[in-house]
Every structure is written in structure tokens, then in C-alpha cells.
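Work through the exercises below with the coordinates open. Each task is followed by a solution in steps.

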Amino acid sequence: PVILAVDGAATINGVIDASASGSTPGAGGNWSCGSSQGGNGSGNTARLAGASGGGGGGFGTAGGRAGTADTNGDNAPGGSPGAARGSSSLLPLLAGCAGGQAGDCSSAPAAGGGGVQITSSDVLDVNGSIRANGANGATPCGASDEGGGTGGGSGGAIFLEGTSVDTSGASLQASGGAGGRNGEYSAYFNCGGSSGAPGSSSSSSAGGNSISCQAGTPGAGGGFGRIRVLAH
């Protein structure tokens, strides 16, 4: 994670962006995630088979669960949700976790948002934007057949600290990424090209669960990150 320690007052008027991009995590993201990474999907991408999507990554809240792919009756389970981790104190300063891979696919899943801390020895005034969002999932395999979507990455961490902290004019973002859509051939079963589940945009909700389908299934949404503002 990135830590900016300022001797004196500090003002943020621009944009600090520690968000993930595709499979590239933000600063400190995807580190030591364990069960907080979304689970991988299962099944295969062959026509009339079906592969399930990946689960959403977790951090401040859990990720979502991907739906089951059951074209041939094998009921390939979707990726499991990444668990929440860390503490609301953001001590230590952790960041977000990746979603899961789609079944029968080695392509990298969506990454987790990074972690950023700004600590001022005086007043901290934030008027701009600080972002630590998770990346959206993709459809990496079987886009014209029955591939699943990868899970969305979780949001990361934003920690602001000073003798007083004013965020009244700020935009603070640590949302989870959406899951990737499923393959187009799933339209044969009236669920092809379905969007992945939404990522969480609230500290009180987990990432969204994706639909089940008689073919490939979309990825699940990533969980919300953590935001802490501390004045002392």
C-alpha cells in the first residue's frame, strides 16, 4: 500500500487513484489474500457442457457467489465468495483481493483495489477524489460458447488521518468490481451474454451473487473495501 506522511497541513484537490485495472491490482492489492480471494468456477467450456463463473473477492465485506452451470446435468458449482478480512481500524493497512477464475480457464481474474493512507501532522483537507476500487471481471474463455465470467475484485482501503480531517467536499471510493458476463452461446438457453453480478458500493453489503444458467454463468461481484477517517 501507499502511505503519504505529511509534516504539516495537507490539502488534496486532485485525484489519487489506487484502483485496480483488469488483472493488475492497485498498490498492495492481491496480497496474502487466502480465503478472501474469490473461488474459481468449475466445469468446461465445450458446447453443450458449461463452465461456471468465479466468485467475487472480499475485503471489508465478502464477495458474491457465482451461479451453477448445469447444461449437461453435471451441476458445475460457481466460485465461492471471498471472505471479509482485516479490521475496521486498517491496522495493519491491507488492500483488496482478486475475484476467482472462470471454470476451465487459466486467464487471470479481476484484481483487488489498492490501499492508500494519508497522514498529516496537522489539518487534512480533502476536496478531490481518492479511489481504491476493484476491477470488473471479464469473459476470458468461450465467449461464443459456454464460458463463464471471472469474479470482480474487491475494493481496497482508504485511511485519512490528521488533527482534523475535512472530507465534506471529497469523493471517497472503495467499491467492488462487477463480475464478468457469461458466453454468448448461453443465449440458446435464454441466459447468454448476461451481465455479471454487481460489486458492492456499500460497507453494509456483500458483492452480488450471479445467476445460475443451463450453460456458462457470469462472475460474482466483489465486496466493498474499507474507509477510515481518524482525527486526533
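A disulfide is a pair of cysteine sulfur atoms within 2.5 Å. The model is a predicted one.

**Exercise 1. The disulfide**

Task: Count the disulfides, then describe the geometry and setting of the link between Cys33 and Cys97.

Solution.
- Step 1. Apply the cut-off of 2.5 Å to cysteine sulfur atoms. The count comes to 1 disulfide.
- Step 2. Check the pair. The sulfur atoms of Cys33 and Cys97 are 2.2 Å apart, and the cut-off is 2.5 Å. A disulfide is a covalent bond between the sulfur atoms of two cysteines.
- Step 3. Read the torsion. The angle about the S-S bond is -95°, and the link of Cys33 and Cys97 is left-handed.
- Step 4. Place the two ends. Cys33 sits in the loop between strand 3 (15-17) and strand 4 (43-44). Cys97 sits in the loop between strand 5 (50-51) and strand 6 (115-120). The two cysteines are 64 residues apart, and the pair links distant parts of the chain.
- Step 5. Test burial. Buried means under 20% relative accessible area. Cys33 has 9%, so Cys33 is buried. Cys97 has 0%, so Cys97 is buried too.

**Exercise 2. Backbone in the loops**

Task: Examine phi at Asn30 and Ser32, then the peptide bond of Leu91 and Pro92.

Solution.
- Step 1. Take Asn30. Its phi is near 65°, a positive value in a residue other than glycine. Asn30 lies in the loop between strand 3 and strand 4. With 31% relative accessibility, Asn30 is partly exposed.
- Step 2. Take Ser32. Its phi is near 50°, again positive in a residue that is not glycine. Ser32 belongs to the loop between strand 3 and strand 4. Exposed means over 50% relative accessible area. Ser32 has 54%, so Ser32 is exposed.
- Step 3. Turn to the peptide bond. Leu91 and Pro92 are joined by a cis peptide bond, with omega about 0°. Pro92 lies in the loop between strand 5 and strand 6.

**Exercise 3. Two open sheets**

Task: For the sheets 2-7-10 and 3-8-11, give the pairing and find the edge strands.

Solution.
- Step 1. Start with the order 2-7-10. These 3 strands form an open sheet with parallel pairing. Strand 2 (10-12) and strand 10 (164-166) each have a single partner strand, so they stand at the edges and one side of each is left without a neighbour in the sheet. On average, neighbouring strands of this sheet are turned by 10° against each other, direction ignored.
- Step 2. Look inside the sheet. Strand 2 and strand 7 (residues 123-126) run parallel and are joined by 3 bridges. Ile12 stands opposite Val126 of strand 7.
- Step 3. Go on to the order 3-8-11. This open sheet has 3 strands and parallel pairing. Strand 3 and strand 11 are at the edges with a single partner strand each, so one side of each lacks a neighbour in the sheet. The average turn between neighbouring strands here is 0°, direction ignored.
- Step 4. Check its bridges. Strand 3 is joined to strand 8 by 3 bridges, and the two run parallel. Val15 stands opposite Ser129 in strand 8.

**Exercise 4. The salt bridge**

Task: Count the salt bridges, then place the partners Asp17 and Arg131.

Solution.
- Step 1. Apply the cut-off of 4 Å between a side-chain nitrogen of Lys or Arg and a carboxyl oxygen of Asp or Glu. The count is 1 salt bridge.
- Step 2. Check the distance. The closest N and O atoms of Asp17 and Arg131 are 3.7 Å apart.
- Step 3. Locate the partners. Asp17 is in strand 3, and Arg131 is in strand 8 (residues 129-131). They are 114 residues apart.
- Step 4. Read accessibility. Asp17 is partly exposed at 46%. Arg131 is partly exposed at 28%.

**Exercise 5. Two residue environments**

Task: Describe the surroundings of Gln117 and Ser175.

Solution.
- Step 1. Gln117 lies in strand 6. Its relative accessible area is 12%, so Gln117 is buried.
- Step 2. The side chains of Gln117 and Thr119 make a polar contact at 2.9 Å. Beyond four places in sequence, Gln117 touches residues including Leu93, Phe159 and Glu161.
- Step 3. Ser175 lies in the loop between strand 11 (171-173) and strand 12 (226-231). Ser175 is partly exposed at 22%.
- Step 4. Beyond four places in sequence, Ser175 touches several residues, among them Asn133, Ser154 and Phe224. Ser175 and Gly112 are 63 residues apart in sequence and 9.9 Å apart in space, C-alpha to C-alpha.

Key:
Residues numbered from 1 in each chain as written. Predicted model: local features only at pLDDT ≥ 70, side-chain atom pairs only at ≥ 80, totals over all residues. Heavy atoms only, no water. Pairing = 2+ DSSP bridges. Helix = DSSP H or I, 4+ residues; strand = E, 2+ residues; numbered from the N terminus. Axes fitted to C-alpha atoms, helices over the stretch in contact; angles between N-to-C directions. Buried < 20%, exposed > 50% of the residue type's maximum accessible area, 1.4 Å probe, protein only. Polar contact = N/O pair within 3.5 Å; in protein donor to acceptor, adjacent residues only side chain to side chain. Contact = heavy atoms within 4.5 Å.
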